[in-house]
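Got the model open in your viewer? Let's take a walk through it, one selection at a time.

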Amino acid sequence: MPDARFWADSVSDFNAALPSQPGPWIALSSGGADGAFGAGLINGLTESGKRPDYSVVTGVSTGALMAPFVFAGPKYDDALRDAYTKISAADIFEIGGTGESFVDSWPLKDLIAKQITSSVLADIAAAHNSGRRLFVVTTDIDAERSVVWNMGAIAAHASDKTGGDAALKLFRSVLLASSAIPGGFPPVLIDVEANGKHFQEMHVDGGVGGQFFVAPPAALAATGDYRLPATQLYLVINSGLEPQFQEVDRNTASILTSTVGAAVKVDTRLMIDRVYAAAKRSDVGFNVATIPPDFNAPSRGPFDPIYMGALYQAGENLGKSATPFANQPPSYPGSPMLQSQEPDKAGAK
């Protein structure tokens with residue numbers, strides 16, 4: 001499938017893969033269970049009549065899992081809602097190390113197989129053939145580079161009698177790989193052939209290279225002059241951005257989870273700022289939706305259905321509101337937030 005993918009840092013390949021006509025783009029970010037926010041937002045936009053026909057849809061990690069439904073259109077809104085409100089941790093992973101990870105993600109693999117059917121691929125292929133584009137990002141850790149998968153092109157191959165099964169398998173594998181948190185979930189091995197040689201590439205979470213994808217880094221560089229060929233740019237940020245005090249348990253999993261979570265917030269804010277500058281340089285409308293700062297529903301653990309349901313509802317309410325998107329990046333935390341985390345309140349002695 002020569003048109004199935006390109007390196008995420010190649011501006012020329014990126015340009016070649018884009019639609020011939022400008023249109024609105026939407027980028028769906030990482031966030032794990034917090035993807036319930038984005039799912040609710042999209043459904044809310046549909047209900048309010050504010051959802052455009054996106055010409056480019058990109059997804060990273062949990063954003064990759066929702067991207068096919070967003071791309072295929074409102075007829076999949078129910079499937080999108082169910083994917084984030086009718087699951088639990090048991091549908092995502094099984095406790096027990098694999099030698100490559102802390103847990104086994106075979107339940108998520110099975111869930112993707114149930115959700116991504118040949119009929120879903122047919123609708124995605126039709127949208128691709130009409131000129132729209134669906135991009136999902138993974139990280140090739142052998143090459144230490146991010147890869148953008150042209151999912152519509154892969155779906156179009158699924159109608160080929162000789163390669164249909166391979167295309168469906170690849171489509172599902174890419175979604176699994178994009179959400180494979182390194183160390184947490186097992187990496188996904190993807191068979192490739194180049195110069196007559198066979199090789200298994202090791203792919204992990206697309207969020208390693210950035211929490212969402214709009215364009216290659218060189219195209220977004222502050223010193224560059226690249227202009228994004230879009231009419232509007234929408235960012236859906238499926239993770240909280242405000243620092244939250246929570247005492248961390250003294251074990252490897254808790255320390256890693258908390259550390260990565262803090263790093264993701266910093267990385268996401270920096271990426272939003274960079275994309276905002278690129279959008280302004282390109283005279284493209286900038287729109288960003290983030291989890292409301294006052295959302296405080298408690299979570300009882302990973303992929304808690306009650307928490308995800310509440311977050312979905314918050315996203316849906318925002319999507320139906322008068323202003324679901326802000327036209328500038330969210331403000332950074334100031335001194336009031338810092339003061340709320342003084343040592344005596346944190347339990348320090």
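Select Ser61 to begin. Is Ser61 buried or exposed? Buried: its relative accessibility is 6%, and anything under 20% counts as buried, so Ser61 falls well inside that class. Keep in mind as you click around that this is a predicted model. Now look at what sits on either side: Ser61 is in the loop between β3 (56-60) and α3 (62-72). Its backbone has a quirk too, because phi is near 60° here, a positive value in a residue that isn't glycine.

Next, jump to Asp283. This residue also has a positive phi, about 60°, although it is not a glycine. You'll find Asp283 in the loop that runs between α10 (252-281) and β11 (285-290). Is Asp283 buried or exposed? With 65% relative accessibility, Asp283 is over the 50% cut-off, so it counts as exposed.

Now for some empty space. Rolling a probe the size of a water molecule over the atoms shows where such space is left. Head for the second largest pocket, with a volume of about 860 Å³. To get there, select Leu170, Ser173, Leu189, Ile190 and Asp191: of the 30 residues in the lining, these lie nearest the pocket's centre. Then colour α5 (106-115), α8 (164-178), β8 (188-194) and β9 (197-205), the elements that each give two or more residues to this lining. Which of them gives the largest share? That's β8, with seven residues.

Try colouring the lining of this second largest pocket by residue type. You should get 18 nonpolar residues, three polar ones and nine charged ones.

Time to zoom out and show the whole chain as a cartoon. There are 13 helices and eleven strands to spot. Turn the chain around: along its principal axes, the C-alpha trace spans about 65 × 50 × 40 Å. A compact globule of 349 residues would have a radius of gyration near 20 Å, and the chain has 20 Å, so the two agree.

Switch on the surface for the last stop. The chain exposes about 16600 Å², and carbon and sulfur atoms supply 54% of that area. How many of the 349 residues, as a percentage, are buried? The figure is 48%. Finally, show the contacts: among those with a separation of 6 or more, 77% join residues 24 or more positions apart in the chain.

Conventions: Residues numbered from 1 in each chain as written. Predicted model: local features only at pLDDT ≥ 70, side-chain atom pairs only at ≥ 80, totals over all residues. Heavy atoms only, no water. 1 Å grid on protein atoms, 1.4 Å probe; cavity = no way out; pocket = protein on both sides within 12 Å on 5 of 7 lines; lining within 4 Å. Points joined across faces, edges and corners; volume = space filled by probe spheres on them. Helix = DSSP H or I, 4+ residues; strand = E, 2+ residues; numbered from the N terminus. Nonpolar A, V, L, I, M, F, W, Y, C, P; charged D, E, K, R; others polar. Rg over C-alpha atoms; globule rule 2.2 N^0.38 Å. Buried < 20%, exposed > 50% of the residue type's maximum accessible area, 1.4 Å probe, protein only. Contact = heavy atoms within 4.5 Å. Areas by Shrake-Rupley, 256 points an atom, 1.4 Å probe, with all protein chains shown as cover.
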